[in-house]
Structures are given as C-alpha cells and as structure tokens.
Amino acid sequence: MTTCRTLACLLALPLLSAVAGENQSGLKGLDWWAFHSPSAERVRSVHSLDGAVESVRKEQGLAGSPEADPRTLIRRVTFDLTGLPPTPEEVSAYLSDSHPEAFARLVDRLLASPQFGEHWARHWLDVARYSDTKGYVYAREEREFVQASPYRDWVVRSFNENLPYDRFLLLQLAADQLVPAETPDLAAMGFLTLGRRFLGVTHDIIDDRIDVTMRGLQGVTVACARCHDHKFDPISTQDYYSLYGVFRSCAERLVSCGEGERKADEAFTQELEARREKLRSGLSKRREEQSARVRGTVREHLLAQRELEKYPEEIFGQLLDATDINPVFVRQWQAFLNAAERKKDPVFSIWLACSRLPTGAFPGQAAEIIKRLPGAHPTVRAAFGTPPNSLEEVAARYGEVFHRIETTWQSWQKEHPGAAALPDPEAEILRLVLHGPESPCEIPDESIVNTEMYFNAGVVVELWKLQGEVDRWLLKQEGAPPHAGILVDRPVPAMPRVFVRGNPLTRGEEVPRRFPQHLAGPGALTFQRGSGRLELARNIADRRNPLTARVFVNRVWMHLYGQGLVTTPSDFGTRSVLPSHPALLDWLALRFMDDGWNVKNLIRLLVVSDTYRQGSAGPSDLASLAHAENTDPGNRFLWRMTPHRLSFEEMRDAWLAVNGDLNLRMGGRPESLFGGSTRRRTLYSFVDREKLPDVLRTFDFANPDLSIACRSETTVPQQALFGLNHPYVAARATALVDRLTGTEADRLNTLYAKIFQRTPTGPEAAAAAAFLKESESAPMTAAAPSPWSYGYGAWDESAGRVVSFTPLPYFNGGAWQGGESWPDATLGWAQLTGEGGHPGNDRAHAVVRRFTAPRKGNYRVSSKLTHEPKVGDGIRAFISHSRLGMVRSTSVHAAAETLDLPSLSFEVGDSLDFIVDIRDSLNSDQFLWSPRITLVNEGGQTGPTFWEAGTDFTRRDVSRLSPWARLAQVLLLSNEFLFLD
C-alpha cells in the first residue's frame, strides 16, 4: 500500500522528486513538490473534496463510514467552529429541522457567531507564540506586554469579520506602511513584537522573528540556516541573513491604536502625557550625554578596532561603569570605517592605510604612504605634517582633529542658535562624522527597547523605570486606549553580512535584503523600499508563492480533521512526509486563492462535505472495518472521522457553559485562569511565558516561546488528577447541581441535558441512582486540618518573632500571594509555593511559612535554604518558635545553607515560623526552602509521622462535595463530555 500511495503522489504532482532532497544538479530540494506553485493542470482530475477523498480511498481499497447521527454532528461542528458545546435548545432545534440544508444552515449560523473568531483566534495565537508577558526580564522593566491584548482582540475581529487571509498576513508584517496612524489594524503587528525578549539581545530577537514569519507563515525552517546552509532544503545562509537584514533595519515602537474608554478622560490623559514627557526627556538627555562621550573618545574607538575580540556584541550586563568603552559603539565605528573604505572616504584614508601596516615596519613606511596618498582631507593631512611613529599616534592625531572640530561646532552654535551646519564645507565634512545621520557616535532616536545596549547598566535601569511608568499606567488603568507594538523602518537600512557559523564577531560576505531565492522564483529583485519588510510581506501573500495558501489550508484541515494532509504543518520541506492527498491539497489552495482568500468559505467547504460528516465508528461492514483498521490505523485516508479529546480551553469553557456561568464578554485585559471571579473564556486568561501554569503544560497547551502549529496530545495521570482534585472543577460541579430542581428524576434529566444534550438511558439512570444512594450512606469524615499556613509580616529583631502574622489572601492553584496578579499592587512580590517563594518588596512584608504542632512532643527539623541568583545582595532567613523565639538565622546570597534543628519541644498549638525577607535591596530574591518536620519518639528515633512543606502544600479551604456534586463531577470528566465522537 505504501508503494501505491507514493505512486499516487507522483502521478498527481509530476514535478515531485522521488528522493526527498537531491536532484541531478546537486542543489538541495529544488524539485521538491512544495517549492513549486499549485497549478490548474495538476488538479484537473479533482472536481470536489469528497470525490478526491473517495478516489484515494478506492486506490487503497478502503470504504468510508456512514454519516454520523445528528446529535453527534451538531456537537462536533459546534465545538470545531466555536470551541463551545451546543445548548440543549440548539440540539433540539437542529434535530427537529427537516430542511435538506439544515446542516449547512447550522454551519452558517456558527460561522456568523462571535465565538467563531474567538475559537479560531486561539489556533492562530499558537502559531504567533502569543503571551501576555515577555518571558524572563530583570526587575528593571515591566514584564507584561502593553500590546498583547490588542493583538489578541485584533485576531478575533479578523476571523469574525472574515478578513481575507492575504490581507491578514500583510497587516501582521507591515501594517505601519498600510494603514493610517492610530488605527486598530496597527495591533496586527503584535505578530512580530510579542516574542521573547532574550534579555535584549538583538540577534536572538531577530532570529525569533525570522522563525515565526517563515515557519509560521511559510512552513519552512529558515532559522536552520543561521549557522550553515540548510542541510536538506534550498535555504542558504545568504537567504537567512537577507531576512536578518530586513528585521535589523526596523525598530520597535509603542503607538496608540484605538480610542479606549478613557481616551477623553482629562486626568488620565494628563498623567499619561506627563509620564511620556519624563520618558522622552530622560531618553533625550541620556542619548546626548552618551553621544558626547563617544565624540570625545575618537582616539579610543579607533584603537579598539585593533582588538575587536575584546568587544563582544550585545552581551547582557557587560558594562559595569559609565567610563567603559561600549562595544556597541566600537562595532558602529567598525561598520563606519568599513563603509569609509568602500567609498574611499578622504577623512579616514590615512587611518585605513596606516592600520594595514605591520607594527615593526610602521615608522619607516607610514611617512611614505601618507605622502603618496591622494585626496586626503586637507585638515586631516595637515595633522600629519610630521610622520607618526605608531598607529597609536595616528589615532591620537585623529582624536585631536575631531576634538577641535567639536569645539568649533559648539562655539558656532552658541553664536548662531539653531545653526544646522558649519559654514566651512571642509569643516562641515568633519562635523558630520560626529553629528551626521550616519555618524558612529549617534544613538538612534528610538525607544529604550531598541537602544538599551548603548548605555551603561545604571542608565539602562533609569530609562526602563521611566518606560515602565508609562507601560504600567496603560496596563493597570481600566479603559486605557489600546496600544500596538509595531516595527518601523529605520532611516538608513542595514546592509547585512553573513555571520560565519552564526558568530556575529565573524562577518562574511555582504548580502542584499531579499526573499529566499528559490521561493522568490527567477528574476526576483532585491528589496528597494526601506527595510524591505512590506516587500517581504507581499512576497508571502503573493498567490504565486508556492507555500502560503497550502500551509494555511493544511492547518485548517488539521483543526477540522485531526491531522493535516501534510502531517508536519510547520515544515513542508524535504524531511516532511508526502501529503496524503496531494491533488486535493493543491485544489483547495487554488480554490482558496481564487475565492479571494476567504477563510469562512474555506471552512464551510470543509465541514459541509460528506467526508466531514462521516461517523467515527468506521465502515458498517465488518470486513471493511477490519481491513481499514489493519491497513490505515492512523486514518490518513479518511475512512472515518477520528475521535479526539477537547483542548484544555474547550474543556474549561465547556465546564462553564453547561452550568450557565460562561461570561461571553469579548476583548480586554486578561484575567486569572482560576480566579474566584473568573468566568470568561479561556482565551482571555493570562498567559505568562515565564511561569506558564502547570495545568496548561499538563494539558498540552502550546509553548508560548515558539511558533506552534500543532499541539502535542498526551494522556498522563496528572490530567485525571486535575479533574478529580482541583477546586475549580469541583466548583463547576457544585455550581451546576445548585441550579437543579424537582424530583430526583427531574434533576438527573436536567443534568444529562446540560452536559450531554440528551436524557439518560435506563441503565445510566439506574447507575446514577445507585451512585447517589451509596454516596449518601458513606460516612462523611472531615479532612484533618493542615498544620501549615502561609502569610506575611515584619521580623522583629529584638523579640525574635514575626510581628502580626497575616495570611496571604490569594491562592492561584500553585502559590499563595497577594492577589490574582503577581506582583500584587499591595503585597508586591510576596509569594509562597510548595518549594520556596519570594519575599515582599520590603522588610515589612517578609513571607512566613508557619507550622502549627498537632501533637505534644519533640520534633526534628530538616531543611536547606537556597538562593541561586548572583545578582542582588541575597536574602535574610529566620526560624522562630512561638515560645522560644528565634532559634536560627542566616543571610544567603548565591549559595545554599543547611538549616537543621535536631530537637525542638512543642506543646499542641505551638508554632514554628520559617521567615524570609529581603536583605538590603529588592533584586532577584527568589528562594527555595521546603522544610521537613518529623515527630521524634521517646527513644530519640524518628517514626513514620512527618510533615513536608512541598508534598503537603495545598490551599486551606478543602471541602467535601455533596453526592449530587460528585455525580456531576463524574459526568463532567466522562469521555462522552471530554471527547468529540
């Protein structure tokens, strides 16, 4: 059967290479099917989706499945199009609709639903590696993105408004060049600006943008070519650095992209403008100070060119002092001098000629070279009236020349305020080296996110603080106008060079900014307009592009059928598996483009088909079923619909929907995933890139660090344990049964109608009655109270105790803290987990893990306190007994210390506090400290009774469910509810 499948692919795609990789010319993958555009000739045998599927099934000797029953169909299509279950009323209406087009009308209603855009936006956000936070950042900057929510909401609107897919792509890559200022479509550029921050290292940020653009939109792994030519696909390092040059020529900017409820609020606007003005003036002042410092150190920057290995590019935190030579400026001088050499610049011709001389021969050869050098700038030549004896002396004379020209310029400005140039043309040429648009001394007039590497650490902290004040005002004020994180083209585009083996210190050949050569096709031009980003976007959205439509159509198919026609939705290269239905894939791609890139029409075409409406049980004939199961167990040839588990978002939203708690308000700031008041769709839950909740990882949520087109699907015990034990699930079950009324039969019927949209069968009703009876008769044993409690307070040095222990008020499922957001507006960074935690922002908010003795006796305490970060000054820690006072104290910085207590006497109710506060400053004060407390018997030996902070960690308000709530919980966790088909 494998041979038949391969032959079918080859017949459908004549250009397909039989070997994935090499052709006779030795070029990699040039004959691979995905790199040639779909054509009408190739799909002439395809007349319909169902016909193409049936044709391939017949080739494989497979039979299809009968149509699914109506109740299964409405549940399937409602989840697939909206991510929500149908209501009992919707199911009843559909079952009673005898119109021949009843299913098509159902599909049209769902496509028009606002919930359609929310559900399909979540698919796209996986590709866009969406997160509400930047990932790991130091405390100097705001960790949340201002532009995250507007981008998410823009994606929702785009799907609901059926924005053509080509326009959808163009706006995400280049909205700044396509729409007016301050318009909502600017939010689209969050696609590029919502990636990880990589501690500000530009090379890694650009690599992330290349990856999300090319793997996310084109299904090719271009990022592989960062260090070497792609091993399998026709993507070279030159292609990679051509794209690198596009994004290197862009700067980030935060701009308004909508009105917001507080746009006209005068007090809000005044405060926002005051914060912005402080930021603008702070940036302007520090830029001028730093540029002036570089203008005064021309000599040092020229000499630094001889030892470039001492000045690595963009290593975070490398500057310790304001007087250090900044590697960024050294590299700017390097690029400036390279350009001067290409242009035969008369100002630096002497320096360039002398810098090539060997040290030993310098004194004898320098004079002759300078004498014979034509066209040197007259002022510079005059400085070399006497021959220099060393390159150091050459650098010193250049320094003197530029010192004099800077002094002249400052004097001229005082005498002629507003002057833009020096009157002497020769002097003006020198001035432009220090002040011109291409000067290596200048810092771009851009935000701190683009320029932080130009400053020393102290200034960076100062400027990020000013930026954070603006960001927090926009994030924390309800109704603040939405803002977009966009890219704008820099005035002078970068001319990229290949980094040999990916090392930015080893520059290779210069490459033009352009689209990858093989994808662009013959005769493609280099980018001419600014950075080339708009031209890049148009190359991607061009119908002649062989990948764009195929990749999107394949992903839509994957979300509806369980797997793509190409099973690697982000890799269409030569290492991918051949498509199961190649002619169908191209037919769909061509139809999609011919239909104006209409997304809703594409989805409608796929779901109204007989193929989609199949049942999941397989052919009714037992022999055909056995043959299908043996020859195609993965269902690649679509002989049935494949059952699948709901995603976590669908699961959580369905739990809310069936009991009427789901809040369908759209858009706005994110909320806590499991907060007590949270009733909105999971789409609007806070996504923390650095601290993604464990439950999301457990249920295969997309990693927000990467572009993810297809989520993993695992089945692990933790998933069941979450459903059985998490308070959120228990609360949903309780809320559901609290609304039940009537007799036991009435309540059971209502419960089944809400959860399964049907009535229980006879055996199900009998099993439910037996379950309720058994649960009601079971003794209700109260759970033993936990000896652990979690709070905060101030350490009293003289008393050796915590002053006013106050419980931490909020439990997020994995930590006790001040509120839903962390850090909290009142309690700051105070947090306790099972393994450790973080003290509050000052010594008045130490965190306290309290153990209260449940028995009288001697106890042994075993613990190790660890503080890992090397930055900051560490933490203080204390152990305090309620009767004895302080029994242990220490300070720890970037180290670990064992804090054991061999024996402590306790009466019932005595407590032992484990306290941590900041040392002298708040900086990287997270810690690990998970004590074990063991009851010691009369012989001094430890027995089986012990308490561990980590394994015992839980919330305080654990409660038992009623029998009806237990039944509801069982049904909410059943396969019928959590699986489609």
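**Cysteines and one helix**

Let's start with a cysteine. Cys250 counts as buried, with a relative accessibility of 6%. Keep in mind that this is a predicted model.

Does burial come with a bonding partner here, and where is the closest cysteine sulfur to that of Cys250? The closest one belongs to Cys257, and the two sulfurs are 19 Å apart. That is too far for a bond. For reference, a disulfide is a covalent bond between the sulfur atoms of two cysteines.

How many disulfides does a search of the whole structure find? Zero. Take Cys224, which is in no disulfide either. Its nearest cysteine sulfur is that of Cys227, 9.8 Å away. A disulfide would need the pair within 2.5 Å. Cys224 is partly exposed, at 36% relative accessible area.

Now to a helix, α33. This helix covers residues 762-777, which is 16 residues. At 1.5 Å a residue, α33 should span 22 Å. The C-alpha atoms at its ends are 23 Å apart, so the two values agree.

Which residues of α33 are buried? They are Ala768, Leu772 and Ser775. Look down the axis of α33, and the buried residues fall within an arc of 70°, so they line one face of the helix. Why does that spacing work? An α-helix has 3.6 residues a turn, so residues three or four places apart point the same way.

What do the buried residues of α33 pack against? Two helices: α32, residues 744-756, and α34, residues 963-972. On the other side of α33, the exposed residues are Gly762, Pro763, Lys773, Glu774 and Ser777.

Note on methods: Residues numbered from 1 in each chain as written. Predicted model: local features only at pLDDT ≥ 70, side-chain atom pairs only at ≥ 80, totals over all residues. Heavy atoms only, no water. Buried < 20%, exposed > 50% of the residue type's maximum accessible area, 1.4 Å probe, protein only. Helix = DSSP H or I, 4+ residues; strand = E, 2+ residues; numbered from the N terminus. Expected span 1.5 Å × (residues − 1). Arc of directions from axis to C-beta. Contact = heavy atoms within 4.5 Å.
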